[in-house]
Amino acid sequence: MNSVAARVTELTGREVAAVAERGHSHRWHLYRVELADGTPLFVKALPDDAPALDGLFRAEALGLDWLGRSFGSPVPQVAGWDDRTLAMEWVDERPPTPEAAERFGHQLAAMHLAGAESFGATWDGYIGPLPMDNTPRSTWPEFYAEQRILPYLRRAADRGALTPGDVRLVEKVLDALDHLAGDPEPPARIHGDLWNGNVLWQDDGAVVIDPAAHGGHREADLAMLALFGLPYLDRVRDAYNEVAPLAEGWRARIPLHQLHPLLVHVCLFGAAYRTTLVDTARAALRA
């Protein structure tokens, strides 16, 4: 039996009829797996000869389960997981429409409003293949600086992708963070890696995948949607505002919330994202 099929059978207790590879992402391969009863699954699996990724699939599975506890949550159901494999329901995509965008805005607001006990999470996190410290904190500026900016700033600098001047610029943002953050908000139940590639459109909204889920600032998800563009983003935000109005000054804070994903991109892909990061840090300071 194909090793992926054997893993899925072990995780789900159901026989597999077919396995089709659909590419790869970072160190894992992607598959469409059809069970014997015709049910399709989406599967991420490490190659047999690859070392295990300590906690990565666990973090994603726990994050999906946690996000899925909110009413109408736009996440797929997990079918099973271990340290080498993650299986979840298959999602057929549809073309984006204004109506689906409005529904997605409502879904996202409801998920955020489900809230969290603290900033962070009770499990160790990942964003892509990079570890992410989810140690719970009570205040967002402290959490954002210590666990979302500084670890990736140091990592990017250590690999030579940022200059000492770049590092000082981002540190200036952190020095002003209490002022730049706006009025305090309670922790929201956020996706944490919500770029447009992680939004799968449906006729009646969207499904979001590949989360780095944690209790965070709700503006972070919306800022990341803006970072790489999303069809009908204005319709999504308008619908979001109908359910959970954003605080005054949210537009000016978009660059602040984009610093974390940009630093992650610098860590993963090098200096190609350096100029965008520097420009975004300057924009955050001008807010």
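**Exercise 1.** In this predicted model, find which residues A110 touches, leaving aside residues up to four places away in sequence, and decide whether A110 counts as buried, partly exposed or exposed.

*Solution.* Start with the contacts: once residues up to four places away in sequence are set aside, A110 touches S70 and F71. Next, place the residue in its element, which is helix α3, covering residues 98-113. Then turn to accessibility, where buried means under 20% and exposed means over 50%; A110 has a relative accessibility of 26%, and therefore it counts as partly exposed.

**Exercise 2.** Describe the order of the strands in the open sheet, and work out which strands stand at its edges.

*Solution.* The sheet has 5 strands in the order β1-β2-β3-β5-β4, and their pairing is antiparallel. Reading that order from end to end, we find β1 (16-25) and β4 (78-81) at the edges, each with a single partner strand, so one side of each is left without a neighbour in the sheet. From one strand to the next, the twist averages 20 degrees.

**Exercise 3.** Determine which strands helix α2 touches as it packs on the sheet, and explain why α2 can be called largely enclosed.

*Solution.* First, α2 packs on the sheet by touching β2, β3, β4 and β5, and its direction makes about 25 degrees with that of β5. Second, consider its extent: the helix runs through residues 56-67 and reaches 17 Å from its first C-alpha to its last, close to the 16 Å expected. Finally, 9 of its 12 residues are buried, so the rest of the structure largely encloses it; among these buried residues are L56, F57 and W66.

Terms used. Residues are numbered from 1 along each chain as its sequence is written. This is a predicted model: local features need pLDDT of at least 70, side-chain atom pairs count only at pLDDT 80 or more; totals for chains, interfaces and linings use all residues. Side-chain values use heavy atoms; hydrogens and water are left out. Helices (H or I, at least four residues) and strands (E, at least two) are DSSP runs, numbered from the N terminus. Buried means under 20% relative accessible area, exposed over 50%, partly exposed in between (1.4 Å probe, protein chains only). Contact means heavy atoms within 4.5 Å. The expected span of a helix is 1.5 Å times one less than its number of residues. Two strands pair if DSSP finds at least two bridges between them. Axes are lines fitted to C-alpha atoms, for helices over the stretch in contact, and angles run from 0 to 180 degrees between N-to-C directions.
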